[in-house]
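Subject: Structure for your files

Hello,

Here is the structure I said I would send. My notes on it follow below.

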Amino acid sequence: MTQRRSDEPQIAAAGPPRTTRAILVGLVLFPFLLAVAGRAILSTGADEQARVDLLARLETTLSTIEAGKSHQEHFSRFFQRLERQVFAASAPVAVWSRIMPALKARYPGQIQGVLLDGEGNPLPDWTDRPTARALTRKFVAAYRRFLDTQEPMPSLVEGFLKTYFGPFTVPGVRIHRRLFFAAGQPNRRFVYLSAPHPQGMFFLFFNPRDDIRVLALEEAAAALRRRGEPGRLAVARRGERGARVWRRLGLSPHDFARHWQALHQATEGHIWIGSTLLARRLLFPDLWIVGRADLPTSAAPYELVRPLLWGLAALLLVLGRPGPLGTLLDWLGGSVRGKLMAAFLYSAAVPLLVMGLTAQTYLHNRRAVLEAESHQAMEETLQGFDRRFRVHIAELEGDLRQFVFSRERAPADGFRDFLDRFAEMRTRFGFNTCRIYDRTGEPVYVWNDPAAPGIGPATVRALGRMVRQFFVQLERERLAGTASEARPVVVKGADEFAETSINIQMLFFNEMESGPFRYFLFTAPLGTAEHRITHFVTLVWDSRHMEVNYLRRHLPRLARRAGRGEYFVWSPLEPDLAFPPDFPHRRLVATTLRRVSSATRSHRATLTGPRGTWLVTGLRGTALRGFSLLGMVSDQPLVAEISSLRWNLGFIALVIVGACIIIGVLLAGFFLVPVRTLAAGMTALADRRFDTRLPVVSNDELGGLASLLNDALGDLQDLEVARAVQELLFPGQPLTAGAWGIAGRCRTASQVGGDFHDYSRQGDGTLRVVLGDVAGHGVGAALVVGLVKAALGHPGCPTAPDGALSCLNSLLGSILQRKKMMGCNLAAFDPETAILTLANAGQTFPILVRGGRASFLELKGYPLGSTRRWQAACRQEKLHEHDAVIFYTDGLVEALDADGQPIGFDRLLAVLPALCRPTAEATVEAIEAWHHAMSPQEPPADDITVVVLQWQGLAATALPASCQLPAADSDQPGLPGPAEQP
């Protein structure tokens with residue numbers, strides 16, 4: 001390369017001035033200072049928001065406890081889960097043997113179990129109470145008949161129920177799958193019966209030592225703690241020492257009186273003691289649930305100063321000039337294009353970053369608001385649907401009054417008229433039980449729905465006594481009225497007894513409870529055309545049946561009335577009782593159903609399923625006491641609104657980007673001319689027009705770049721001359737000696753390369769073949785190639801291959817001092833005897849192609865110039881007709897194919913027999929075409945040289961499938977097909 005003249009101007013590299021560095025530091029720290037200020041502003045209300053969130057979570061927890069305060073529901077659900085585990089297994093006894101010890105450990109001395117087989121026989125090993133086999137068999141059989149046909153159980157079985165389970169057991173009704181109160185003091189007892197399964201049945205006798213309500217509440221609180229709800233919960237009983245309650249909450253017992261008084265006086269039901277929140281909720285007249293929650297330790301101070309700390313660290317890096325940051329700043333300060341790029345990026349990135357963060361926060365908050373509004377609307381819809389059940393009851397009562405009494409003319413016999421219209425009335429109103437009593441209080445007509453539980457015998461007897469008392473009082477009133485006014489009591493309309501002094505209301509529709517059973521009771525008199533009452537009718541709806549009727553009738557209308565969303569109602573105690581039965585999202589909401597436990601605070605969740613994302617809102621029913629309600633609405637409207645907002649914000653961002661681009665273009669206009677000049681110089685460089693020179697129009701960095709590029713073009717022009725000179729060192733034409741021919745070709749990785757090949761005819765008639773590879777490529781390697789060419793052509797160089805290599809090793813070792821080494825294959829071939837004498841100095845093994853197969857001519861040696869104690873490795877090989885020997889450098893096999901893998905020796909060995917052509921030159925061209933198809937990189941990563949010595953007239957063999965060349969009409973030029981073979 002040419003040397004720069006000393007009188008040419010030099011461009012000194014200097015870092016940015018101190019003022020510029022200070023400005024850069026300020027610009028780097030400015031976003032961090034903005035972040036600190038923003039965090040300080042946003043953190044102003046963080047503590048208050050944390051208090052609001054904590055209060056909401058604790059109130060939700062207390063509401064959940066309040067909604068599930070029924071001990072009957074709590075233990076019924078718990079024992080139902082056990083029942084499903086036992087009878088869902090193939091071996092119920094094995095599951096029972098694991099469950100009962102766990103139950104007894106959980107409630108020590110308080111629970112007993114009895115397991116029956118499919119016929120009702122108690123299993124001796126799993127029976128904790130004395131049990132009569134014959135009675136249990138009769139009970140199971142009678143109870144199954146009762147469930148199937150509503151056939152009353154025999155008196156023997158009813159007596160067994162009261163003596164075995166307890167005197168408060170109600171016979172003649174469904175008593176399975178729910179915990180019921182069976183016996184009072186002194187042996188207070190609760191009983192749970194499983195359903196009679198084909199595999200058997202079990203009884204659980206529960207005698208809690210403590211108040212069962214407290215036990216249920218404590219277990220519910222423990223379940224909430226396991227779910228990760230905040231704070232602690234404790235049950236407080238009237239008369240209990242408050243210090244114990246406060247210890248359970250982790251508070252000082254000495255503060256109980258003061259805190260309890262403050263809670264009593266707080267209208268909101270909660271107080272703050274520093275960062276501790278206390279709240280209580282009255283569950284029963286003598287029971288409270290008290291909750292405690294603590295604010296998390298705030299990390300606000302560190303969060304506020306963290307950006308400033310990062311900024312200070314950046315400042316230290318800049319002032320100390322260490323590492324990549326200092327180098328980057330130096331480069332930005334010393335480069336015009338760097339300054340322009342940094343200014344443009346900073347001016348565009350800072351506002352976009354601030355706007356992006358603000359927009360992201362806004363979109364996040366907006367979605368949260370939209371979700372809260374959607375949940376609130378759904379919660380109001382569910383609560384309205386729940387409250388409408390009471391309206392449904394009132395409407396049903398009005399329809400009943402109208403159906404029974406609103407007649408144009410009173411029937412001659414109200415009893416017969418009612419029976420004639422009974423089928424219509426049953427279809428219209430869907431009651432479970434109908435009983436008509438005569439004047440003596442005896443039932444004269446009874447109808448029960450076999451699929452629904454009827455009212456208990458005690459209630460039936462009470463209704464009979466009520467009707468008999470009514471008629472007695474009615475007769476007394478009639479006689480008293482006849483004596484005084486000589487006229488009977490006239491019954492008019494629905495308020496037929498409003499003007500009498502009878503204490504029993506004859507017509508009413510109310511919800512009633514009898515032990516664990518709830519039902520709706522409608523009572524009405526039946527009479528004659530003369531307004532004389534002859535009978536009394538009672539219609540009974542089981543509470544669950546009434547709720548089911550309401551759901552079947554009104555739930556399909558809810559979605560149409562609400563406008564959007566899907567609704568699901570289910571019974572927590574009876575998982576199979578759900579509406580609609582074919583709810584398509586049942587599996588998606590399965591885990592959410594267990595978390596719906598409060599009637600005052602809805603459970604809210606976002607679920608994603610195969611049909612999209614849904615906002616789910618769940619509530620326990622208040623009017624619908626046996627059911628929970630769930631509403632689902634798609635988030636697509638929310639997504640559409642957020643997408644619209646995002647599009648608007650994106651449009652604003654595009655406007656800002658456009659403004660930044662315009663400003664950047666205006667600023668860049670001052671540099672377009674010199675940059676365009678530099679681009680023209682680079683184009684000339686790529687097109688190898690090294691005689692091009694750029695005008696230097698300024699003395700700034702761009703002018704310095706133009707001068708440097710001119711120098712580079714001059715140097716490359718010299719290299720082009722060197723490349724042309726080096727090509728003259730290689731043989732220009734193939735060489736032929738008798739039936740043998742030699743040809744070679746070299747592709748360099750740069751202008752000049754380090755590969756060297758030569759072949760010539762010697763004075764004794766032999767042919768010399770030389771192939772060398774100098775370490776590296778470029779000018780240095782090319783100079784070594786010229787040195788080797790000159791040394792081999794010197795008259796004093798030995799003709800024998802090993803002697804010639806020894807001479808070269810001495811020469812290279814003394815001149816290069818091991819700074820460069822050279823691998824070399826030097827061969828002497830006698831065309832008359834076909835003997836090839838080969839010497840190797842650390843070069844790749846030549847390949848012999850014979851009989852359609854390729855193999856290495858292995859000969860190990862050290863590269864030239866590697867050691868002074870060098871000794872040539874030499875061997876002889878007798879060549880046959882149709883043989884070919886291929887000499888090559890490592891660039892041929894180390895080139896990468898399209899998959900990034902080296903071509904390798906194995907692939908070369910496999911393909912060479914098929915690449916042999918009739919002449920040595922044609923074989924070289926075929927090898928080049930195959931290699932270019934495998935690795936089309938130009939220029940190659942390393943110098944590639946191939947020399948072929950072969951018998952003229954060879955025929956190619958079939959090419960393996962893995963090494964097939966493209967066909968003759970391939971898109972890749974220069975690849976000969978079969979038709980192009982000479």
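The model is a predicted one. I start with the nonpolar cores. The largest of them has 47 residues, and the members with the most contacts inside it are F418, M425, F431, C434, L539 and W541. Helix α12, residues 336–405, supplies the largest share of this core, namely 11 residues. L539 is a useful residue to click on: leaving aside neighbours within four places in sequence, L539 is in contact with L400, F418, M425, F431, T433, C434, F520, L521 and F522. Another core lies apart from this one and has 25 residues, including V893, L909, V924 and W930. As background, nonpolar side chains in soluble globular proteins tend to be buried together.

Some totals for the chain. It has 982 residues, of which 44% count as buried. The secondary structure comprises 25 helices and 30 strands. Among contacts with a separation of 6 or more, 64% are between residues 24 or more positions apart.

Next, two of the sheets. One is an open sheet of 6 strands with antiparallel pairing, in the order β20-β21-β30-β29-β26-β27. Its edges are β20 (735–737) and β27 (853–856); each has a single partner strand, so one side of each has no neighbour in the sheet. On average, neighbouring strands here are turned by 20 degrees against each other, direction ignored. Within this sheet, β26 (residues 847–850) and β29 (residues 884–888) run antiparallel and are joined by 3 bridges. L848 stands opposite V885 of β29.

Two helices go with that sheet. Helix α25 (residues 920–934) packs on it and touches β21 (740–747), β29 and β30 (944–951). The direction of α25 makes about 35 degrees with that of β21. Helix α24 (residues 904–915) lies across β26, β27 and β29, and runs at about 140 degrees to β27.

The other sheet is also open, with 5 strands in the order β16-β15-β19-β18-β17 and antiparallel pairing. Here β16 (578–579) and β17 (603–609) stand at the edges with a single partner strand each, so one side of each is left without a neighbour in the sheet. Strand β15 (residues 566–570) is joined to β19 (residues 628–634) by 5 bridges, and the two run antiparallel. In this pair, F568 stands opposite L630 of β19.

There is also a helix pair to look at. Helix α3 (residues 71–88) packs against helix α4 (residues 92–106) at an angle of about 150 degrees, with the axes 8 Å apart. The two helices are therefore roughly antiparallel to each other. On the α3 side the contact is made by F78, L82, Q85, V86 and F87, and on the α4 side by P92, V95, W96, I99, L103 and R106.

Last, the cysteines. How many disulfides does the structure hold? The count is 0. Two cysteines may be of use if you plan to look at accessibility. C824 has a relative accessibility of 0% and counts as buried. C807 has a relative accessible area of 32%, and is partly exposed.

Regards

Methods:
Residues numbered from 1 in each chain as written. Predicted model: local features only at pLDDT ≥ 70, side-chain atom pairs only at ≥ 80, totals over all residues. Heavy atoms only, no water. Pairing = 2+ DSSP bridges. Helix = DSSP H or I, 4+ residues; strand = E, 2+ residues; numbered from the N terminus. Axes fitted to C-alpha atoms, helices over the stretch in contact; angles between N-to-C directions. Contact = heavy atoms within 4.5 Å. Core = buried A, V, L, I, M, F, W, Y, C linked by side-chain atoms within 4.5 Å. Buried < 20%, exposed > 50% of the residue type's maximum accessible area, 1.4 Å probe, protein only. Disulfide = S-S within 2.5 Å. Parallel < 35°, antiparallel > 145°, perpendicular 65-115°, else oblique.
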